[in-house]
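Thanks for making room for me this morning. I would like to walk you through one structure, going from the overall fold to a handful of charged pairs, so please have a look at it first.

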Amino acid sequence: MLRVGLFLLTNLAVLFVASITLKLLGVDRYTGANYGSLLVFCAVFGMVGAFVSLFLSKWMAKRTTGIYLIEQPANQHEQWLLNTVERLAQEAGIGMPEVGVFPSYDSNAFATGWNKNDALVGVSEGLLERFSREEVEAVLAHEIGHIANGDMVTMALLQGVVNTFVMFFARIVGDIIDRVVFKNEEGRGMGYYISVIIAELVFGLLASMITMWFSRQREYRADAIGAQLAGTGAMISALDHLLHEQQQQITQEMPGTLAAFGISGDLKQGLAGLLMSHPPLEVRIAALQQANY
């Protein structure tokens, strides 16, 4: 769960700055009822926010996880880790990513980066300690699958579109409330700006359901690549190990913004389930058991 957390947090911060910038630049005043111009401005700021998040993703992952990058292997375990990632990357047709270990008792891993040939793969100390080498290889193959699929770029494009319409419709709602409820016919008053902020929060929550649905779908695709590269049995064994630890409450959710890019997610029910970045592990295991890789 560590990857998307950082991505989404950065994106929300940029989106907030973009909204303030729109106000300071007087875009709302200049566009007025010209929603075509407003849509263009929102698209520019929305896409910029998403792609700034994408380009900062690897930098933020390094700063927030305390990851130790393996540049010169200090022992056989580090050498094995580098060799395994290199082999999997070659089989997947991508460049060799940076490889590191981050200090966490939780069993997890993540991959991030704006480019298939300039990515970062991180593995937790807890996963390396408790998982077999076959299971670790399957987890690494899953993360390589995210890189090979270009999931970060696709996520950025989706988030950019979502940002655009969140900002756009929030301002339409603010315009309507300002005129109908507050009867403001001269420019835009405080009611408009308060309404825009509230509408952005509401629409942002609804938009997150869309992005998290996509995040869940890409987990199945990464699992499939993991099974193809490391073997279906090893991939199922790794997920089953994660499920056991989850049931024993050994593994917890990864920090904020990298959440959607980890191997394992937290369990949520009801409405909160729509905001899950990962499908339930039982469902992922069943999907692999039914597939023929």
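**Salt bridges in a predicted model**

Let me begin with one residue, Glu137, which is buried, with a relative accessible area of 17%. Please keep in mind throughout that this is a predicted model, and that everything I say is computed from it.

Which residue does Glu137 pair with in a salt bridge? The partner is Arg87, and the closest N and O atoms of the two are 2.8 Å apart. Glu137 sits in helix α6, residues 133-148, while Arg87 belongs to helix α4, residues 76-92, so this salt bridge ties together parts of the chain that are 50 residues apart in sequence. Arg87, for its part, counts as partly exposed, with a relative accessibility of 32%.

Let me step back to the whole chain for a moment. It contains 10 helices and 4 strands, and, read from the N terminus, the order of elements is α-α-α-β-α-β-β-β-α-α-α-α-α-α. Of the 293 residues, 53% are buried, and the chain exposes about 13400 Å², of which carbon and sulfur atoms supply 62%. If we take the contacts between residues at least 6 apart in sequence, 74% of them join residues at least 24 apart.

Coming back to the charges, how many salt bridges does the structure hold? There are 10, and one of them joins the side chains of Glu98 and Lys62, at 3.1 Å from N to O. This pair also links distant parts of the chain, since Glu98 is in strand β2, residues 98-102, and Lys62 is in helix α3, residues 35-65, with their positions 36 residues apart in sequence. Glu98, at 26% relative accessibility, counts as partly exposed, and Lys62, at 24%, counts as partly exposed too. Both residues also belong to a network of salt bridges that links Lys58, Lys62, Glu98 and Asp118.

The last pair I want to show is Asp175 with Arg179, a salt bridge whose closest N and O atoms are 3.7 Å apart. Here both residues lie in helix α7, residues 151-180, and they are 4 residues apart, which is about one turn of the helix. Is Asp175 buried or exposed? Asp175 is buried, because its relative accessibility of 3% falls under the 20% cut-off, whereas Arg179, at 34%, counts as partly exposed.

Definitions and conventions. Residues are numbered from 1 along each chain as its sequence is written. This is a predicted model: local features need pLDDT of at least 70, side-chain atom pairs count only at pLDDT 80 or more; totals for chains, interfaces and linings use all residues. Side-chain values use heavy atoms; hydrogens and water are left out. Helices (H or I, at least four residues) and strands (E, at least two) are DSSP runs, numbered from the N terminus. Buried means under 20% relative accessible area, exposed over 50%, partly exposed in between (1.4 Å probe, protein chains only). Contact means heavy atoms within 4.5 Å. Accessible areas come from the Shrake-Rupley method with a 1.4 Å probe; for residues, only the protein chains shown count as cover. A salt bridge is a side-chain nitrogen of Lys or Arg within 4 Å of a carboxyl oxygen of Asp or Glu.
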